[in-house]
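This report describes a predicted model. Please keep the sequence and the coordinates open while reading, and follow each section on the structure itself.

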Amino acid sequence: MAAKSSTKPPGGMSSRAVIRPIEAGCTAECPHCGERVKFRARHRDDQIICNVYVDGKWDRVEQFHAACYAEAKDPHGEPHKSETKRRGKKAAKQ
Ligand SMILES: [Zn+2]
């Protein structure tokens, strides 16, 4: 009797989370603490952006403070670093 089976639908249609820097003009509210996810120029704060899927369908986006997301115990899975291109820092100087 397996207590848990993987309920992940195929094709990656499940909720996922990425870490991104908070952008200026962000007006989202963190669902964990209910406060704005605010951009602060001097702080390079991170947010967790979650694409939330319900029954295999995209439902909504949630934006958490990075600390709140950790506190909520990764409700939408472990956050991934958003992919950045790994090019272009080479060969600028010699
Ligand atoms: Zn929060």
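## Surroundings of P21

Leaving aside its neighbours within four places in sequence, P21 is in contact with D45, D46 and Q47. P21 has its place in strand β1, and the residue that stands opposite P21 in strand β2 is D46, which is also one of the contacts of P21. A further distance concerns H43, which is 22 residues from P21 along the chain, with 9.9 Å between the C-alpha atoms of the two residues.

## The sheet

Strands pair through backbone hydrogen bonds, in either a parallel or an antiparallel sense. In this model four strands form an open sheet whose order is β3-β2-β1-β4, and the pairing within the sheet is mixed. The edge strands of this sheet are β3 and β4, each of which pairs on one side only.

Strand β1, residues 16-21, runs antiparallel to strand β2, residues 46-54, and six bridges join the two. On the other side, β1 pairs with strand β4, residues 80-81, in the parallel sense over two bridges. V18 illustrates both pairings, since V18 stands opposite I49 in β2 and has H80 as its bridge partner in β4.

Strand β2 also pairs with β3, in the antiparallel sense and over eight bridges; within this pairing, N51 stands opposite V61 in β3. The two strands β2 and β3 form a hairpin with two residues between them, and D55, which lies in the turn, has a positive phi of about 50°.

## The zinc site

Which residues coordinate the zinc ion? The donors are C30, C33 and C68, each through SG, together with H65 through ND1, at 2.0 to 2.4 Å from the metal. The angles among the four donor atoms are 105 to 114°, and the site of the zinc ion is tetrahedral. For comparison, the ideal angle for four tetrahedral donors is 109.5 degrees.

Along the chain, the donors of the zinc ion follow the spacing C-x2-C-x31-H-x2-C. C33 lies in the loop between β1 and β2, whereas H65 belongs to strand β3, residues 57-65, so this pair ties together parts that are 32 residues apart in sequence.

## Exposure of the donors and the cysteines

Is H65 buried or exposed? H65 has a relative accessible area of 19% and is therefore buried, the cut-off for buried being under 20%. C33, by contrast, has a relative accessible area of 39% and is partly exposed. C30, another donor of the zinc ion, is buried, with a relative accessible area of 2%.

C26 counts as buried as well, at 16% relative accessibility. A disulfide is a covalent bond between the sulfur atoms of two cysteines. With a cut-off of 2.5 Å between cysteine sulfur atoms, the count of disulfides in this model comes to zero.

How values were computed:
Residues numbered from 1 in each chain as written. Predicted model: local features only at pLDDT ≥ 70, side-chain atom pairs only at ≥ 80, totals over all residues. Heavy atoms only, no water. Pairing = 2+ DSSP bridges. Donors = N, O, S within 2.8 Å, 3.2 Å for Na, K, Ca; no water. Tetrahedral: all angles 85-135°; square planar, octahedral: opposite > 155°, others 65-115°. Buried < 20%, exposed > 50% of the residue type's maximum accessible area, 1.4 Å probe, protein only. Contact = heavy atoms within 4.5 Å.
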